[in-house]
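User: I'm new to this one. Can you walk me through it?

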Amino acid sequence: MDTPDIRVEKGHAEPEEVAAITAVLLARAAARSSEPTATHRGRAKAGWRRLEREPGFRAPHSWH
């Protein structure tokens, strides 16, 4: 194992700080995998609109 699993992109992290971050990430990963997964019922239609499919002009008093 020559390459580290976690890399600090900016600044300098002490080994204790890297160990604390690693412990938090591992605890969150363990807690997430032990919970039963619920099925997600999303919307059938997206909550956003593509601008190129919108009409070219909207009246200034319209809020839609």
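Analyst: Here is a quick tour, from the fold to the surface. Keep in mind that this is a predicted model.

User: How many helices and strands are there in the protein chain?
Analyst: The protein chain has one helix and zero strands. Helix α1 covers residues 15-34.

User: And what share of the residues is buried?
Analyst: Buried residues account for 0% of the 64 residues in the chain.

User: What about the accessible surface of the chain?
Analyst: That surface is about 7000 Å². Carbon and sulfur atoms hold 58% of it.

User: Which residues make the nonpolar surface patch?
Analyst: Ile6, Ile21 and Leu25 make it. The patch is about 270 Å².

User: Where does leucine 25 lie?
Analyst: Leucine 25 sits in helix α1.

User: Switching to charges. How many salt bridges does the structure hold?
Analyst: It holds one salt bridge.

User: Which side chains meet there?
Analyst: Those of arginine 7 and glutamate 9, at 2.5 Å from N to O. Side chains of opposite charge can pair when their charged atoms come close.

User: Is that arginine 7 buried or exposed?
Analyst: Arginine 7 is exposed, because its relative accessible area is 65%, over the 50% cut-off.

User: And glutamate 9, buried or exposed?
Analyst: Glutamate 9 is exposed too, at 61%.

Conventions:
Residues numbered from 1 in each chain as written. Predicted model: local features only at pLDDT ≥ 70, side-chain atom pairs only at ≥ 80, totals over all residues. Heavy atoms only, no water. Patch = residues over 30% accessible without salt bridge, like charges linked within 9 Å, V, L, I, M, F, W, Y side chains within 5 Å. Areas by Shrake-Rupley, 256 points an atom, 1.4 Å probe, with all protein chains shown as cover. Salt bridge = Lys/Arg side-chain N within 4 Å of Asp/Glu carboxyl O. Helix = DSSP H or I, 4+ residues; strand = E, 2+ residues; numbered from the N terminus. Buried < 20%, exposed > 50% of the residue type's maximum accessible area, 1.4 Å probe, protein only.
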